Amino acid sequence: MSEYQGDDAEYMADEYEMEDVDEEMDDEFCLEKWRLRNSKVADTTAAQARSGKDIQGIPWDRLSITREEYRQTRLEQYKNYENIPHSGEVSASKSEILNVSGHVAPSEKHPGSLLEGFSQTQVSTLAVKDKLLVAGGFQGELICKHLDRHGVSFCSRTTYDDNAITNALEIYTSSSGAVHFTASNNDCGVRDFDMEKFQLSKHFRFPWPVNHTSLSPDGKLLIIVGDNPEGMMVDSQTGKTVMPLCGHLDFSFASAWHPDGVTFATGNQDKTCRVWDVRNLSESVAVLKGNLGAIRSIRYSSDGQYMAMAEPADFVHVYDVKNGYEKEQEIDFFGEISGISFSPDTESLFIGVWDRTYGSLLEYGRCRNYSYLDSLM
């Protein structure tokens, strides 16, 4: 916490006689004693609070216990009054959706589905949209589960090649209203599955392993990135190249379309995210740099106002799209990042941290500046 300015410090010393208080305070009870001795506390302005002064006027720098220590003491020792014993200990309920540590087999019968299922699948990627969950594995496994149905709906293996990792999945709704998903694979293939028929509908092959694909909002174009510095924009129906994407210096691992269908972004091991405009793909319109590693995940909020990009660890960057990506918020923490996602209503940003010790799901809420009151005459 910031230190007080000289004038404030002198005032606090005179008002509270903190030197005398410190001599007789134990760490656990110092704040209570300070409260009893100082029943009148000067108001704290918003400007003072922003500069570091305690909002309640408590001079923590002059007490023998820090705010953090006292907060922990309160959390451990505060006695909550309850009419019904242990009512305050009830936490939010959690339920298991899919467990792949053992044997997983489909409970529904569909052509092409592997009825024998899989055992001990190592999940390499995951996608959820509406009522469908799709998990991809390191051996080309695909496991599909409808969240409103019991059991697993569909199991398939994209390939039996040694280089079979399912790198990315994207669920979307086709122009006919059918639910599909695309699977990007290390065997250089991109496969499209129709989940209404539970069938493979398209299979495109490329010269190098495909790490990620993104379908344009109108469903006509696919962005393909992988183990090549150049990406591709291809026709989603034929797989034919529309335009190469030149500018990155290393292999790419992420891509995402802006909801307007005009711009999209790609993330690369050269520590940059490039923003492209479909009306002129000769060069990227913006180059956004990370701090320590590849840009591994990119997401746009559904309203198109923000774009988030994640590095392999420790950093997630959030950009203000409407201001030309010039304003950035950097989220700084510790741990390897498993993925990022905005909530459908854009009010939250979720960050998965898969650190063995501090593994967690971080949620950041969107702050809004309601300025309409300022416009009143």
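**Exercise 1. How do the residues of the lining of the second largest pocket divide into nonpolar, polar and charged?**

Before we start, a word on the model: it is predicted, so local features need pLDDT of at least 70 and side-chain atom pairs count only at pLDDT 80 or more, while totals for chains, interfaces and linings use all residues. Numbering starts from 1 along each chain as its sequence is written, and side-chain values use heavy atoms, with hydrogens and water left out.

*Step 1.* Get the term straight: on a 1 Å grid over the protein atoms alone, a pocket is an open set of points with protein on both sides within 12 Å along at least five of seven lines, and lining residues have an atom within 4 Å of a point.

*Step 2.* Find the lining. There are 21 residues in it, and Tyr306, Val318, Gln329, Arg366 and Cys367 lie nearest the centre of this pocket. Two or more residues each come from β21 (313–320), β22 (328–342), β23 (348–353) and β24 (360–365), with β22 giving the most, 4 residues. Strands here are DSSP runs (E, at least two residues), and helices are runs of H or I with at least four, numbered from the N terminus.

*Step 3.* Sort them. The split is 8 nonpolar, 7 polar and 6 charged. Ala, Val, Leu, Ile, Met, Phe, Trp, Tyr, Cys and Pro go in the nonpolar bin, Asp, Glu, Lys and Arg in the charged one, and the others, Gly among them, in the polar one.

**Exercise 2. Work out the strand order and the edges of the open sheet of 4 strands.**

*Step 1.* Pairing takes at least two DSSP bridges between two strands. Reading across the sheet gives β3-β4-β5-β6, paired antiparallel.

*Step 2.* Look for strands that pair on one side only: these are β3 (123–129) and β6 (154–157), the edges. Neighbours in this sheet are turned by 15° against each other on average, direction ignored.

*Step 3.* Check one edge. β5 (residues 141–146) is joined to β6 by 4 bridges, and glutamate 141 has arginine 157 in β6 as its bridge partner.

**Exercise 3. Why is strand β11 largely enclosed by the rest of the structure?**

*Step 1.* Count the buried residues (buried means under 20% relative accessible area, with a 1.4 Å probe and protein chains only). In β11 (residues 210–215), 6 of the 6 residues pass, so the strand is largely enclosed. For the protein chain, 45% of the 377 residues are buried.

*Step 2.* Find the partner: β11 pairs antiparallel with β12 (residues 221–226) over 5 bridges, and serine 214 is matched with isoleucine 223 in β12.

*Step 3.* Follow the turn. The two strands β11 and β12 make a hairpin with 5 residues between them, where glycine 219 has a positive phi of about 75°.

**Exercise 4. Which side chains of strand β18 point to the buried face?**

*Step 1.* Walk along residues 286–289 of β18: Ala286 and Leu288 share one face and are buried, whereas Val287 and Lys289 point to the other and are not.

*Step 2.* Add the neighbour. β17 (residues 272–277) runs antiparallel to β18, with 4 bridges, and cysteine 273 pairs with leucine 288.

**Exercise 5. Compare the positive phi angles of aspartate 314 and threonine 346.**

*Step 1.* Neither is a glycine, yet phi is about 75° for aspartate 314 and about 70° for threonine 346.

*Step 2.* Place them: aspartate 314 sits in strand β21, and threonine 346 in the loop between β22 and β23.

*Step 3.* Finish with accessibility. Aspartate 314 counts as buried at 17%, as does threonine 346 at 6%.

Terms used: On a 1 Å grid over the protein atoms alone, a cavity is a set of points where a 1.4 Å probe fits but cannot get out, and a pocket is an open set with protein on both sides within 12 Å along at least five of seven lines; lining residues have an atom within 4 Å of a point. Axes are lines fitted to C-alpha atoms, for helices over the stretch in contact, and angles run from 0 to 180 degrees between N-to-C directions. Buried means under 20% relative accessible area, exposed over 50%, partly exposed in between (1.4 Å probe, protein chains only).
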